[in-house]
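Let's take a relaxed walk through this protein. We'll start with one helix and then step back to see how the chain is divided.

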Amino acid sequence: MKMTTANTFATVYGATYSVYVRIVRIALHEKGVPYDLVPINVFAEQGLPADYQARHPFGRIPAFEHDGFRLYETSAITRYVDEAFSGPSLQPRDVRERARMNQIIAMLDNYAYRPMVWDVYVQRMETEPADEALIATGLEKARTFLAALSGLLGEGPWLAGSEPSLADFHAVPMFALFEQAPEGTALLAEFAQIRAWWEGIRTRSSVATTGA
Ligand SMILES: N[C@@H](CCC(=O)N[C@@H](CS)C(=O)NCC(=O)O)C(=O)O
């Protein structure tokens, strides 16, 4: 059953530093959904609050609740946010553009998140001393991802077509961290269409509002 509700309050459990929490927050901003962010720190020394396991058995963030309906896994949450609330559609109607959007989201999760965020950003910007070998292999994997993404882009200007979609918002937090590493900025400069997309989206209201 497809339902669209008035944009009543949602609750996100997580932390502002989290890539995946930010994806959900951007989607909520794009749809104009008011929400609370309940702080959950997955890296806290004392561990997660005991009752959080019931919200997310795998102990990750984000978790989500709307009107008694609980959900975890970012892609499921953002699709729910798009389909359950009014506001601009964040998924293309065209079957092939929608497939491309889903493909890009899966690529981001499986081939971009770890190399761009953990291997390059975290090592270069947050680890002393940095593991240079990990940065080097991370950059190679990021290059493979960016080349594959470039090959999928049509006329744009968005990743999955002429309108912004969940693929764009899934990518933003990963690119925002990656480009903070000098090597990340340099690699992005080699991919002109992706670089232009990034320059276009980085100042968007939902992106700026959810930034660190
Ligand atoms: N598959 C999960 C991934 C979420 C995820 O990995 N979140 C990170 C923070 S950005 C986390 O909770 N990390 C804690 C850990 O790995 O223990 C989703 O799509 O929501």
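## One side out, one side in

Start with helix α4, where A133, T144 and G151 are exposed, meaning over 50% relative accessible area with a 1.4 Å probe, protein chains only. Now turn to the other side: I135, G138, L139, A142, F145, L146 and L149 are the buried residues of α4, where buried means under 20%. They sit on the same side of α4 because they cover an arc of only 130 degrees around the axis, going by the directions from the helix axis to the C-beta atoms.

What do the buried residues of α4 pack against? Their partners are α3 (95-126), α5 (166-178), α6 (182-188) and α7 (192-201).

## Length and start of the helix

Helix α4 runs over residues 132-152, 21 residues in total. From first C-alpha to last it reaches 30 Å, close to the 30 Å expected at 1.5 Å a residue; that expected span is 1.5 Å times one less than the number of residues. Helices here are DSSP runs of H or I, at least four residues, numbered from the N terminus.

At the start of α4, D131 brings a side-chain oxygen to within 3.1 Å of the backbone nitrogen of A133.

## Two domains

The protein chain splits into domain 1 (10-84) and domain 2 (95-209), with bounds from an automatic or database domain assignment. Their contact takes 14 residues from domain 1 and 20 residues from domain 2, counting heavy atoms within 4.5 Å. Their centres, taken over C-alpha atoms, are 22 Å apart.

## About the model

This is a predicted model: local features need pLDDT of at least 70, side-chain atom pairs count only at pLDDT 80 or more, and totals for chains, interfaces and linings use all residues. Residues are numbered from 1 along each chain as its sequence is written, and side-chain values use heavy atoms, with hydrogens and water left out.

Note on methods
Helix = DSSP H or I, 4+ residues; strand = E, 2+ residues; numbered from the N terminus. Polar contact = N/O pair within 3.5 Å; in protein donor to acceptor, adjacent residues only side chain to side chain.
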